[in-house]
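Trainee: Please take a close look at the salt bridges in this structure. I would like to know which side chains pair and how accessible they are.

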Amino acid sequence: MAKHKTFPDYIFETSWEVCNKVGGIYTVLSTRAQSLQKLISDRIIFLGPDCWGDKLCPFFEEDSSILSEWVKHVASTELKIKVGRWLIPGSPIAILVDYKHYFKDKNSIYGKLWEDFGVDSLHAYGDYDDSAMFSFAVAKVVEDFYHYNVKATDKVVFHANEWQTGFAALMIEKLVPEIATMFTTHATCIGRSIAGNNKPLYDYLFAYNGDQMAVELNMQSKHSIEKQTAKYVDCFTTVSDITANECKELLDKSVDVVLPNGFDNAFVPKGAAFTSKRKAARKRLLAIANALTGCDFDDDTLVISTSGRYEFRSKGLDVFIEAMNRLRFDDRLHRNVVAFIEVPGWTIGPREDLQERLASGNKFDTALCDPRYTHWLHNADQDSVLSMMNYLDMHNRKEDKVKVIFVPSYLIGDDGIVNIPYYNMVLGNDLCVYPSYYEPWGYTPLEAVAFKVPCITTDLAGFGLWANSIKGGYSEIGDGVKVVHRTDYNYSEVADAIKDTVVEFSLFSADEVKASRTNAERISKKALWDKFMTYYIDAYDFALRKCDERNSVK
């Protein structure tokens with residue numbers, strides 16, 4: 001019989017991305033919230049930065065009826081908060097924390113962090129100070145909440161995500177040692193930096209010294225807070241086995257529990273709504289392609305995309321462009337292909353000439369000047385995507401079977417060109433490609449398959465490794481996910497594998513496409529949060545037991 005699992009009465013979870021949509025951690029937390037609400041209704045409390053000041057946060061709704069007595073009490077303290085609900089499925093309680101008034105105490109706060117936990121803040125720059133002061137404020141808020149609202153018999157877990165909130169976990173151990181602490185690194189600072197600086201990560205991982213690399217890459221302070229938090233918290237976690245190995249080698253600390261990222265498919269449309277939205281998305285994407293290039297794209301056109309952060313090498317944007325370039329010259333390809341690169345760049349705004357064409361509703365047989373991108377860019381001459389396309393002579397000429405279109409904007413429905421939110425647009429694709437070099441988990445392929453879009457990823461992505469584990473071998477495109485073997489040095493082979501997989505998919509019969517789409521959706525359902533919450537239950541139990549041990553020896 002399995003041992004009894006101890007579950008918390010309260011969970012406080014913090015991230016720079018709570019009510020602040022800037023990256024993948026927003027997706028992790030916002031899709032998991034509903035599952036936690038079912039387990040511990042309104043005793044899961046998220047804490048995020050108050051970045052909005054007097055402006056309304058579009059992801060948060062203040063509610064004076066929530067925790068009203070405590071909020072009145074807080075008004076008499078130095079704490080500055082807004083209490084309400086995060087506007088996501090499950091509508092959990094969220095606290096936005098203002099932290100700017102703590103900057104005056106920055107040096108003394110850093111001094112205490114050094115004395116108590118050996119955190120080196122001497123080399124801090126950029127976003128480090130904001131993160132530290134936010135984390136300090138979060139710890140003070142949780143401390144106050146605990147002493148005002150929580151019974152001595154209640155079991156409480158504080159969960160910090162990424163290095164930005166590691167300070168808070170350490171502060172909690174000092175201020176409220178009765179609270180069990182968890183820390184999740186979604187990607188190590190040093191690992192991401194090694195990959196982003198074009199250094200080989202995987203073959204040399206065993207030989208890298210994290211502290212030495214932090215000096216070389218000017219990451220000492222971020223690395224220090226991440227490493228010391230991993231060392232001191234009650235439960236240290238990450239999101240995949242591949243990143244667990246990275247933590248062991250670069251942070252000198254093995255993870256206690258691996259917490260794979262799940263998904264909530266409640267907002268995936270069903271039945272007629274799915275079909276309608278897919279048709280609308282395809283129509284819009286092909287209209288954009290026609291308005292830019294002047295080419296006619298019929299219903300048989302293969303629509304492909306890649307998306308994510310603009311991390312040119314780490315997200316595999318370079319190998320994606322190379323694969324599309326090679327695809328242009330593959331004689332086996334008998335269909336037009338439109339491939340979209342959807343990563344936010346340094347945009348000036350939407351192209352007015354493209355807006356005019358789209359507004360007319362007409363079809364066009366002439367191209368706009370430079371028919372490769374949808375939004376004007378500040379740095380078009382230095383942009384990595386356009387520079388590589390220039391080098392490969394990829395200009396979306398009429399005779400090109402493959403057109404590549406750069407959409408350098410956040411797709412939240414108001415970008416001025418696509419004007420469809422990302423989730424409503426991704427289902428318009430026939431195939432998605434995410435050939436990541438550095439990807440601790442990989443939400444984009446999981447999102448794609450949830451919308452029945454088969455995808456290509458790599459075995460350097462946590463999701464790719466997980467898909468292989470489901471298959472019991474290398475997953476193929478007919479299975480819904482093609483997992484390409486990727487190493488530090490096989491760039492060219494990966495580009496060819498992507499090209500060949502696109503050709504293979506383009507030649508599928510209608511029945512084979514349907515089977516691939518069905519298999520994609522089936523894989524996604526194995527990664528729903530209700531399947532993955534068991535890992536969190538293990539982590540909470542581990543943290544609470546370790547907290548008891550920590551306090552028993554004092």
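Mentor: What follows covers three pairs and one network. The model is predicted, and a search of the whole structure finds 41 salt bridges in it. Side chains of opposite charge can pair when their charged atoms come close.

Start with Glu 143 and Lys 140, whose side chains form a salt bridge with an N to O distance of 3.6 Å. That distance qualifies because the cut-off is within 4 Å. Both residues belong to helix H4, which spans residues 128–149, and they lie 3 residues apart, so about one helical turn separates them. Glu 143 has a relative accessible area of 18% and is therefore buried, the limit being under 20%. Lys 140, at 22% relative accessibility, counts as partly exposed.

The next pair is Glu 476 and Lys 482, in which the closest N and O atoms are 2.9 Å apart. Here the acidic partner, Glu 476, is partly exposed at 33% relative accessibility, while Lys 482 is buried with a relative accessible area of 15%.

Lys 499 and Asp 500 also meet through their side chains in a salt bridge, at 2.9 Å from N to O. Lys 499 is buried at 11% relative accessibility; Asp 500 has a relative accessible area of 31%, so it counts as partly exposed.

Beyond such pairs, there is also a network: Lys 112, Glu 115, Asp 116 and Lys 174 are joined into one by salt bridges that share partners.

Methods:
Residues numbered from 1 in each chain as written. Predicted model: local features only at pLDDT ≥ 70, side-chain atom pairs only at ≥ 80, totals over all residues. Heavy atoms only, no water. Helix = DSSP H or I, 4+ residues; strand = E, 2+ residues; numbered from the N terminus. Buried < 20%, exposed > 50% of the residue type's maximum accessible area, 1.4 Å probe, protein only.
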